[in-house]
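I opened this entry to log what I looked up, step by step. Overall build comes before side-chain contacts.

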Amino acid sequence: MRTLRASEIGAFLYCKRAWWYQRHGQPSENQSEMAAGSEYHRQHGRQYLQIVFQRWLAAALLMAALILVAVAVTRDLLR
């Protein structure tokens, strides 16, 4: 018995004919659209990673600033 992947089930539910063609090795007629979609997803993924990095950097800089302020205030109070 062959194992079904979740993507196969999704393809079947979306379009049974496309799923059948895929199972029988028939190439898709919309290769350019699929390539454009893949490129869009790659770009979106890169943008997402940049945003995550920028958020992490902002949080780290904020923490550093708060630590510097705390050190400066503590030093002034001890004088």
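How many helices and how many strands are in the protein? I counted 3 helices and 0 strands. I note at the outset that this is a predicted model.

**Entry: overall build**

I read the elements from the N terminus on, and they run α-α-α. I then took the radius of gyration, which is 26 Å. The globule rule gives 12 Å for 79 residues. The value is well over that, so the protein is more spread out than a compact globule. Next I took the box along the principal axes. The C-alpha atoms fill roughly 80 × 30 × 15 Å.

**Entry: surface and burial**

What share of the residues is buried? I found 3% of the 79 residues in that class. The accessible surface comes to about 7,700 Å². Carbon and sulfur atoms hold 64% of that surface.

**Entry: charges**

I counted 10 positive and 5 negative side chains. The centres of the two sets lie 7 Å apart. Side chains of opposite charge can pair when their charged atoms come close. I therefore searched for salt bridges and got 2 in the structure.

I took the pair of Glu8 and Arg2 to begin with. Their closest N and O atoms are 2.7 Å apart. Is Glu8 buried or exposed? I logged Glu8 as buried, because its relative accessible area is 7% and the cut-off for buried is under 20%. Its partner Arg2 is partly exposed at 45% relative accessibility. This salt bridge thus joins a buried acid to a partly exposed base.

I then turned to Glu39 and Arg42. Their side chains meet in a salt bridge at 3.2 Å, N to O. Where do Glu39 and Arg42 lie? I placed both in helix α3, residues 31-78. They sit 3 residues apart, about one turn of the helix. I checked accessibility here too. Glu39 counts as partly exposed at 30%, and Arg42 counts as partly exposed at 46%.

**Entry: aromatic rings**

I searched for ring pairs and got 3 aromatic pairs in the structure. I wrote up two of the pairs, Phe12 with Trp19 and Trp20 with Tyr21.

Why is the pair of Phe12 and Trp19 edge-to-face? I found the ring centres 5.0 Å apart and the planes at 80°. The cut-off for edge-to-face is over 60 degrees, so the label holds. Phe12 is partly exposed at 32% relative accessibility. Trp19 is buried, with a relative accessible area of 17%.

The pair of Trp20 and Tyr21 is also edge-to-face. I logged 5.6 Å centre to centre and 70° between the planes. Trp20 counts as partly exposed at 43% relative accessibility. Tyr21 is partly exposed as well, with a relative accessible area of 38%.

**Entry: C-alpha separations**

I checked two separations along the chain. Which helix holds Arg23? I found Arg23 in helix α2, residues 16-23. Arg23 is partly exposed, with a relative accessible area of 45%. Its C-alpha atom is separated by 33 Å from that of Tyr48. Arg23 and Tyr48 are 25 residues apart along the chain.

I then looked up Leu57, which has its place in helix α3. Leu57 is partly exposed, with a relative accessible area of 35%. The C-alpha atoms of Leu57 and Gln22 are separated by 44 Å. These two residues are 35 apart along the chain.

**Entry: recap**

I close with the points to keep. The predicted model has 3 helices and 0 strands. The protein is more spread out than a compact globule. Buried residues make up 3% of its 79 residues, and Glu8 and Trp19 are both buried.

Methods. Residues numbered from 1 in each chain as written. Heavy atoms only, no water. Helix = DSSP H or I, 4+ residues; strand = E, 2+ residues; numbered from the N terminus. Rg over C-alpha atoms; globule rule 2.2 N^0.38 Å. Buried < 20%, exposed > 50% of the residue type's maximum accessible area, 1.4 Å probe, protein only. Areas by Shrake-Rupley, 256 points an atom, 1.4 Å probe, with all protein chains shown as cover. Lys, Arg positive; Asp, Glu negative; His and termini not counted. Charge placed at Lys NZ, Arg CZ, Asp CG, Glu CD. Salt bridge = Lys/Arg side-chain N within 4 Å of Asp/Glu carboxyl O. Phe/Tyr/Trp six-rings, centres within 6.5 Å; stacked < 30°, edge-to-face > 60°.
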